Amino acid sequence: MAIDKGHRFGIDFDDAFPQGLVMVGEVSPDNEYQSREDRAANRPVRQRVDEVTGKRQWKVMVTDPAETRAKRASFEITLLADVQPVPTTSEALPGMRPIELDGLTAEPRVAGQGEFKYQSYVFRATGFKQATSNAKPSRSGGSGETAKAA
């Protein structure tokens, strides 16, 4: 039995991110690429729609405190919702807030180039839930890098 390419595995937030996540910045629409000609013709910017759920895509930059490799600690997560999700926590520092995600899925991907390839994941969620302070101890494997959702 084979698993189709692009399959999204449901995953518990605490399993994927044992020390939680820190949201950096704000939630913004994930817009389609707009060429110079499109901008010159004043064509409207279109927000991406998820091909599986039909929901609009939003993006948010996060940092994983459990990741030991600096280049893989920060990445984007795609939120799938009809309206813009609003974080449920207050800022710990200006522009930074601890978050937990609801409806989290992971899609395996290969990242890197040439002989420096590694396993990564595209994480998607349906929104935010109230963050808790009972983070699990760090595991040796880390949570890995995520690729930008296309």
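Which residue's side chain meets that of E51 in a salt bridge? Selecting E51 together with R8 gives the answer, since the two side chains meet at 3.5 Å, N to O, where a salt bridge is a side-chain nitrogen of Lys or Arg within 4 Å of a carboxyl oxygen of Asp or Glu.

**Before going further**

The model on screen is predicted, so that local features need pLDDT of at least 70 and side-chain atom pairs count only at pLDDT 80 or more, whereas totals for chains, interfaces and linings use all residues. Residues are numbered from 1 along each chain as its sequence is written, and side-chain values use heavy atoms, with hydrogens and water left out.

**The whole chain**

Colour the chain by secondary structure, and 3 helices and 9 strands can be picked out; helices (H or I, at least four residues) and strands (E, at least two) are DSSP runs, numbered from the N terminus. Their order along the sequence is β-α-β-α-β-α-β-β-β-β-β-β. Of the 150 residues in the chain, 35% are buried, where buried means under 20% relative accessible area, exposed over 50%, and partly exposed in between, with a 1.4 Å probe and protein chains only. With a contact defined as heavy atoms within 4.5 Å, 65% of the contacts between residues at least 6 apart in sequence join residues at least 24 apart. A surface representation shows about 9400 Å² of accessible surface, of which 52% belongs to carbon and sulfur atoms; such areas come from the Shrake-Rupley method with a 1.4 Å probe, and for residues only the protein chains shown count as cover.

**Strand β4 and its partners**

Select residues 74-80 next: this is strand β4, which is largely enclosed by the rest of the structure because 5 of its 7 residues are buried. Adding residues 57-63 brings in strand β3, which pairs with β4 in the antiparallel sense over 7 bridges; two strands are said to pair if DSSP finds at least two bridges between them. Within this pairing, V62 has F75 in β4 as its bridge partner. Strand β7 (residues 118-125) pairs with β4 in the parallel sense over 2 bridges, and here A125 in β7 stands opposite L79.

**The nonpolar core**

Now show the side chains of F17, L21, I77, L79, L101, L104 and F123, which have the most contacts inside the largest nonpolar core, a set of 20 residues. A nonpolar core is a set of buried Ala, Val, Leu, Ile, Met, Phe, Trp, Tyr and Cys residues joined through side-chain atoms within 4.5 Å. At least two residues of this core come from each of α1 (13-16), β2 (21-29), β3, β4, β5 (96-102) and β7. Centring the view on L101 is instructive: leaving aside residues up to four places away in sequence, L101 touches F13, L21, I77, L79, A125, G127, F128 and K129.

**A patch on the surface**

Move outward to V24, M61, L93 and M96, which form a nonpolar patch with about 300 Å² of accessible area together. Patches are made of residues with over 30% relative accessible area and no salt bridge, with like charges joined within 9 Å and nonpolar side chains (Val, Leu, Ile, Met, Phe, Trp, Tyr) within 5 Å. M61 lies in strand β3 and, at 33% relative accessibility, counts as partly exposed.

**Charged pairs**

A search of the whole structure finds 10 salt bridges. Return to the opening pair: E51, in the loop between α2 (36-40) and β3, and R8, in the segment before β1 (9-10), are 43 residues apart. E51 is exposed, with a relative accessible area of 59%, whereas R8 is buried, at 15%. Adding D50 to the selection completes a network of salt bridges that links R8, D50 and E51.

Select R48 and D30 next, whose side chains meet in a salt bridge at 3.1 Å, N to O. R48 lies in the loop between α2 and β3 and D30 in the loop between β2 and α2, so the pair ties together parts that are 18 residues apart in sequence. R48 is partly exposed at 23% relative accessibility, while D30 is buried at 2%.

The next pair to select is E107 and R124, at 2.7 Å, N to O, which links strand β6 (residues 105-111) to strand β7 across 17 residues of sequence. E107 is buried, with a relative accessible area of 6%, and R124 is buried too, at 3%.

**Last stop: N42**

Finish at N42, in the loop between α2 and β3, which is exposed at 68% relative accessibility. N42 has a positive phi of about 55° although it is not a glycine. Most residues other than glycine have a negative phi.
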